[in-house]
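Open the structure and keep the sequence beside it. We will go from helices to rings, then to the core and the pocket.

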Amino acid sequence: MAEFLSTSLGQWTGIFISVLAGAVAQTMMKIGTERVGRFGETPVMEYLIRLLTNPFVIMAILAYGFGVIFYMFMLSRLDLSYLYPVMTALGLVLATLASSF
C-alpha cells in the first residue's frame, strides 16, 4: 500500500478515502442525533449515554477513526498547506451531497 500511496493516483485515493470517511461520519452523526433527540430535553448524562450507545453514532466514531488514519498516511506524504485545503473543500462537497440524500 505504501508504494501505491507514493503515486499521484494513490495520493488522491488516500485523500478521497479520508474525506469520504469524514462525510459518512457526519451523516451518521446527524442520523444518530436525530434518533436520540435534541440536547437539553433530557439530563446531560442520560443524553450522553443514549448518544454513545446509538449505533449510528458508534458508526460515526469508527468512520472518523478510519478517516483519521488515512489522513495521517497522507500527512506523511503531502504538505499540510496543500492537504488541508484540498480535504476541506472536498469534505464540504461530499458532506453536502451526502446530506442531500
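Helices here are DSSP runs of H or I, at least four residues long, numbered from the N terminus. The model is predicted. With helices so defined, take α4, where Phe66 and Phe70 sit four residues apart, so about one helical turn separates them. Their rings form a tilted aromatic pair. The centres are 5.3 Å apart and the planes meet at 55 degrees. Burial splits the two: Phe70 is buried, with a relative accessible area of 10%, while Phe66 is partly exposed at 44%. Phe73 joins Phe66 and Phe70 in one aromatic cluster.

The whole structure holds four aromatic pairs. Another of them is Trp12 with Tyr82. Which geometry does this pair have? The ring centres lie 6.4 Å apart and the planes stand at 85 degrees, so the pair is edge-to-face. Trp12 belongs to helix α2 and Tyr82 to helix α5, so the pair ties together parts that are 70 residues apart in sequence. Trp12 is partly exposed, at 41% relative accessible area. Tyr82 is also partly exposed, at 36%.

Now turn to the interior. Nonpolar side chains tend to be buried together in soluble globular proteins. The largest nonpolar core in this model has 10 residues, among them Leu5, Ile15, Met74 and Leu94. Helices α2 and α5 (80-100) each supply at least two of its residues. The largest share, four residues, comes from α5. A second, separate core has five residues, including Ala25, Phe56, Ala60 and Ala63.

Look next at the surroundings of Leu5, a member of the largest core. Beyond its neighbours within four places in sequence, Leu5 contacts Gly10, Gln11, Gly14, Phe73, Met74 and Arg77. Gln11 lies in helix α2 (residues 8-36). Is Gln11 buried or exposed? Its relative accessibility is 18%, and the cut-off for buried is under 20%, so Gln11 counts as buried. Setting aside residues up to four places away in sequence, Gln11 touches Phe4, Leu5, Ser6, Met74, Arg77 and Leu78.

Last comes the open space. The largest pocket has a volume of about 370 Å³. It is lined by 17 residues, and those closest to its centre are Ser18, Val19, Gly22, Tyr64 and Met87. Helices α2, α4 (55-75) and α5 each give two or more residues to the lining. What is the lining made of? Its residues divide into 11 nonpolar and six polar, with no charged. Val19 and Met87 also belong to the largest nonpolar core.

Conventions: Residues numbered from 1 in each chain as written. Predicted model: local features only at pLDDT ≥ 70, side-chain atom pairs only at ≥ 80, totals over all residues. Heavy atoms only, no water. Buried < 20%, exposed > 50% of the residue type's maximum accessible area, 1.4 Å probe, protein only. Contact = heavy atoms within 4.5 Å. Core = buried A, V, L, I, M, F, W, Y, C linked by side-chain atoms within 4.5 Å. 1 Å grid on protein atoms, 1.4 Å probe; cavity = no way out; pocket = protein on both sides within 12 Å on 5 of 7 lines; lining within 4 Å. Points joined across faces, edges and corners; volume = space filled by probe spheres on them. Nonpolar A, V, L, I, M, F, W, Y, C, P; charged D, E, K, R; others polar. Phe/Tyr/Trp six-rings, centres within 6.5 Å; stacked < 30°, edge-to-face > 60°.
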